[in-house]
Amino acid sequence: MVMDLPGATLLPGLIDSHVHATLRGGTSLSNGPQELSDVAAGNLRCAAQAGITTVRDCGSPGDSMIRLRDTATTGLPHCLVAGPSLTPPRGHAHSVGREVVGVRGLREAVHDLAKANVDWIKVIGCGGGTPGTDPLVSTYTADELRAVVETARAHGLPVTVHALNADTISLGLDAGVRHFEHGWLYQPGSTLAHGATLERLAATGVVICPTIWATAHRVPLLRRRLRDSPSDSQARADLDDALRRTDAVIRSVGDCYAAGVRLIAGTDAGWRDVGFGDLVDELLLLQRCGLSAVDALASATQVAADALGVGARRGRIAPGYTADLIAVAGDPTVDLEVLRRVQLTIIRGRSLDQSRQHHRQDT
Ligand SMILES: [Zn+2]
């Protein structure tokens with residue numbers, strides 16, 4: 001097959017390292033597994049249109065994503081799946097999690113997830129946006145996190161920890177954790193010490209998926225709301241809050257990058273209003289943290305593939321690699337915005353248009 005795409009750039013398919021495919025607008029549907037996998041398939045189709053050929057799902061109820069991964073429909077990205085994230089009772093993200101307490105409970109949960117054939121173990125290390133939880137308070141002790149890491153290692157599974165403050169990151173490092181979701185050192189209003197944590201992060205070869213867009217996406221939404229109703233004082237206060245939080249995250253990620261911490265791109269799609277085609281917004285934010293356009297692209301291709309353990313088959317254009325490719329109109333190493341104009345997505349050697357035809361023939 002020969003294709004002529006003048007002026008286009010061919011790239012490895014993009015990797016979004018942090019999504020929640022079964023969520024829509026931040027809410028989990030409590031309906032049956034069929035509806036969950038329908039929602040996930042719709043969301044992932046949207047990601048594929050935006051040039052995303054691999055996602056890591058960082059928390060979905062039950063075995064919904066495992067089933068979807070294993071029945072991989074043509075036209076959907078490859079999925080790496082954590083299954084339900086481990087969280088304390090009523091803890092952050094419990095709607096897409098499994099509520100677990102204590103070393104024994106955690107070991108048992110990891111055994112179960114390994115048996116269910118997950119690719120990752122995701123642990124909620126502190127509170128978050130879920131009402132009733134506090135982003136500055138850790139949820140598990142270092143001993144409990146170590147139990148997770150050890151049990152997961154025995155099953156050959158990597159562990160990643162949701163951490164929104166320096167103390168939680170530090171506990172994770174004590175426990176042998178080498179991957180963090182968000183991994184933010186600073187929070188407005190927090191006085192937790194972080195200098196030593198930053199040094200340890202850099203020295204340990206840790207990978208952080210900072211999901212800056214998960215915070216920053218509120219800014220354009222609130223600006224729009226204020227434009228429509230300038231006297232909306234709640235929107236004004238929310239915008240100020242979102243700007244302050246975004247600044248803190250950008251400072252944190254910038255410091256991590258400057259210190260040599262490996263960063264991979266993830267959106268947290270499914271959470272609140274984060275969309276499944278928003279990865280380019282995250283890459284633009286990574287640029288604001290000091291990454292060059294090329295480094296930002298690597299955080300969504302090569303560096304991500306290596307960090308996620310699929311670097312021998314994905315994340316590069318090379319002989320022997322899975323044919324996951326995209327073509328964009330223009331040169332993304334000059335301007336990342338051109339990633340919004342994906343002309344072609346090829347997943348497993350099949351272009352999306354072909355997949356659609358194939359799908360029509362099937363049904
Ligand atoms: Zn998330």
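**Exercise 1. Find the partner of glutamate 181 and work out what the pair ties together.**

Step 1. In this predicted model, glutamate 181 forms a salt bridge with arginine 56, with a distance of 2.9 Å from N to O. A salt bridge needs a side-chain nitrogen of Lys or Arg within 4 Å of a carboxyl oxygen of Asp or Glu, so this pair qualifies.

Step 2. Now place the two residues. Arginine 56 belongs to strand 5 (residues 52–57) and glutamate 181 to strand 11 (residues 179–182), so the contact ties together parts that are 125 residues apart in sequence.

Step 3. Are these side chains buried or exposed? Buried means under 20% relative accessible area. Glutamate 181 has 1% and is therefore buried; arginine 56, also at 1%, is buried.

**Exercise 2. Describe the salt bridge between arginine 245 and aspartate 241, and say where the two residues lie.**

Step 1. The side chains of aspartate 241 and arginine 245 meet at 3.2 Å, N to O.

Step 2. Both residues sit in helix 9 (residues 233–259), with their positions 4 residues apart, or about one turn of the helix.

Step 3. Check accessibility against the cut-offs: under 20% is buried, over 50% is exposed, and partly exposed lies in between. Aspartate 241, at 19%, is buried, while arginine 245, at 30%, is partly exposed.

**Exercise 3. Classify the accessibility of arginine 340 and glutamate 337, then look at how salt bridges can share partners.**

Step 1. Arginine 340 and glutamate 337 make a salt bridge of 2.7 Å, N to O.

Step 2. Arginine 340 has a relative accessibility of 43%, so it is partly exposed. Glutamate 337, at 33%, is partly exposed as well.

Step 3. Elsewhere, shared partners link salt bridges into one network made up of Arg218, Asp241, Arg244 and Arg245. Searching the whole structure gives 13 salt bridges.

**Exercise 4. Count the disulfides, and explain why cysteine 209 is not bonded to cysteine 58.**

Step 1. A disulfide calls for two cysteine sulfur atoms within 2.5 Å. By that rule the count is 0.

Step 2. Take cysteine 126, which is in no disulfide: its nearest cysteine sulfur, in cysteine 58, is 14 Å away. Cysteine 126 is buried, at 0% relative accessibility.

Step 3. Turn to cysteine 209. The closest cysteine sulfur to its own is again that of cysteine 58, but the separation is 6.5 Å, which is too far for a bond. Cysteine 209 is buried, with a relative accessible area of 1%.

Methods:
Residues are numbered from 1 along each chain as its sequence is written. This is a predicted model: local features need pLDDT of at least 70, side-chain atom pairs count only at pLDDT 80 or more; totals for chains, interfaces and linings use all residues. Side-chain values use heavy atoms; hydrogens and water are left out. Buried means under 20% relative accessible area, exposed over 50%, partly exposed in between (1.4 Å probe, protein chains only).
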